[in-house]
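Please open the structure in your viewer and keep the selection panel at hand. The tour below moves from one selection to the next and says what is found at each stop.

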2 protein chains.
Amino acid sequence: MQTFDTVEELHEFVELLLHRIDQRYTAGRRAVVELLASSERPLSISDIEARVPEIPRSSAYRHLSDLQRAGVVGRIAASDEFARFEMAEDFLHHHHHLLCSSCGQVIDVTPTRAFERTVARMVDELTAEQGFRATSHALDVIGHCTNCQH
Amino acid sequence: MQTFDTVEELHEFVELLLHRIDQRYTAGRRAVVELLASSERPLSISDIEARVPEIPRSSAYRHLSDLQRAGVVGRIAASDEFARFEMAEDFLHHHHHLLCSSCGQVIDVTPTRAFERTVARMVDELTAEQGFRATSHALDVIGHCTNCQH
DNA sequence: GGTTGTAATGAGACTCATTCTCATTCTATC
DNA sequence: GATAGAATGAGAATGAGTCTCATTACAACC
């Protein structure tokens, strides 16, 4: 995992990752990265549009998919119909998601070290006999967030 | 979890669940249930269309969503853009998914009892401090299936 | 075994998140 | 600052999934 003391260090690393796939780090992409990096939770396209209205929808989608190709951003399928975007795990603590099935909100939760050791062991156990080669895992908890427990 | 000695017992239980939400168990719905119940893995709409071509797309979607409302069928978001459908957990052993990021295939894996006890404990741990009320969880392992490890 | 009210179905139109196109604008490099 | 290639914006196109509505099946009653 990467940690950054300043926003500039973050941008430098993003730029490196983009350069690796022959992409420039332009103002629009910067704006998207800055928004995602400063957000507590994964954002949908309309979240992004609301907070950075000067970026058109089609560009936002393209930026997100370029950043995803570069390994800067990750896309997650929530329980509603909208995709959410967040910084890739290299930029964040490894974490899991709580999906609210009432409002669609996605909440990040960071597991303890011990927790993750257990998950890793369990993933091995699950994949071993299938000859499946795991690259990552996602533990999603579905339920109702505080606001949605009437 | 329910277990069924005969297909008829399965159909009876499905019928009960549909009746609870004032729905009939018609031939089209039966065909969808029979297909899903006999499938090793979650199916996409095009899988379903390929195997039961006499059911039109719009009806298949409606059957699936009615069956989902009744608690007979579950919908899962795979790593590609297509939703997959499988029998709800009441009809299957509780299980998790291996998602192949090359071909999109979804493989079911059944965890051991001990495994699930651990997951349950971990889910509690994750949700406790958020005031989140968990109703279910999904542990997805992303990677490459045997066929896709060039 | 006909009638009648209601639910389910099929065909196709529609929606809307996402992707594509292409003309224009930016940017790196000389 | 000229040039070539890359990035962008606006809007068109795509396509999974949903909705509509006319038709068909079904259950309950006579």
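Which helices each supply at least two residues of the surface near DNA strand D? Before selecting anything, bear in mind that this is a predicted model. The helices to pick are α4 of chain A and α4 (57–69) of chain B, each of which supplies at least two residues of that surface.

**Stop 1: the surface near DNA strand D**

Select DNA strand D together with the 14 residues around it, and look for A:T26, A:S59, A:R62, A:H63 and B:Y61, which come nearest. On the side of the strand, sugar and phosphate account for 64% of the atoms of DNA strand D that come within 4 Å of the protein. If you then colour the protein by helix, α4(A) gives the largest share of the surface near DNA strand D, with four residues. Colouring by class instead divides the surface near DNA strand D into four nonpolar, six polar and four charged residues.

Now show side chains and go through three of these residues in turn. At A:T26, an N or O atom of the side chain is 2.4 Å from a phosphate oxygen of DNA strand D. At A:H63, a polar side-chain atom lies 2.8 Å from a phosphate oxygen of DNA strand D, and at B:Y61, in the other protein chain you have open, a polar side-chain atom lies 2.6 Å from a phosphate oxygen of that strand.

**Stop 2: a salt bridge between helices in chain A**

Next select A:R29 and A:D66, which form a salt bridge with their closest N and O atoms 2.8 Å apart. Because A:R29 lies in helix α2 (residues 27–38) of chain A and A:D66 in helix α4 (residues 57–69) of chain A, the pair ties together parts that are 37 residues apart in sequence. Are these two residues, A:R29 and A:D66, buried or exposed? Both A:R29 and A:D66 are buried. Add A:R69 to the selection, and you will have a network of salt bridges that links A:R29, A:D66 and A:R69.

**Stop 3: salt bridges in chain B**

Move to chain B and select B:E49 and B:R57, whose side chains meet in a salt bridge of 2.7 Å, N to O. B:E49 is partly exposed, with a relative accessible area of 30%, and B:R57 also counts as partly exposed, at 42% relative accessibility.

Then select B:R84 and B:D80, which form a salt bridge with the closest N and O atoms 2.5 Å apart. Here B:R84 counts as buried, at 8% relative accessibility, whereas B:D80 counts as partly exposed, at 26%. Over all chains, the count comes to nine salt bridges.

**Stop 4: where chain B meets chain A**

Finally, select the 36 residues of chain B that are in contact with 36 residues of chain A. The area buried between chain B and chain A is about 3,100 Å², and carbon and sulfur atoms give 68% of that area. In chain B, highlight B:M122, B:L126 and B:F132, which lose the most area to chain A and together make up 22% of what that side buries.

How many salt bridges are counted between chain B and chain A? The count is zero, while 16 residue pairs are found in polar contact across this interface. On the chain B side, β4 (96–100), β5 (106–109), α5 (113–128) and β6 (133–144) each supply at least two residues, and β6(B) gives the most, with 12 residues. By class, the residues on the side of chain B that touches chain A divide into 19 nonpolar, 13 polar and four charged.

Notes
Residues are numbered from 1 along each chain as its sequence is written. Chains are lettered from A and ligands numbered from 1 in the order in which they are written. This is a predicted model: local features need pLDDT of at least 70, side-chain atom pairs count only at pLDDT 80 or more; totals for chains, interfaces and linings use all residues. Side-chain values use heavy atoms; hydrogens and water are left out. A salt bridge is a side-chain nitrogen of Lys or Arg within 4 Å of a carboxyl oxygen of Asp or Glu. Buried means under 20% relative accessible area, exposed over 50%, partly exposed in between (1.4 Å probe, protein chains only). A residue is near a molecule or strand if one of its heavy atoms lies within 4 Å of it. A polar contact is a pair of N or O atoms within 3.5 Å; within protein, one must be able to donate a hydrogen and the other to accept it, and residues adjacent in sequence count only if both atoms are side-chain atoms. Ala, Val, Leu, Ile, Met, Phe, Trp, Tyr, Cys and Pro count as nonpolar, Asp, Glu, Lys and Arg as charged, and the others, Gly among them, as polar. Contact means heavy atoms within 4.5 Å. Buried area is the accessible area (1.4 Å probe) that two parts lose on being put together, summed over both.
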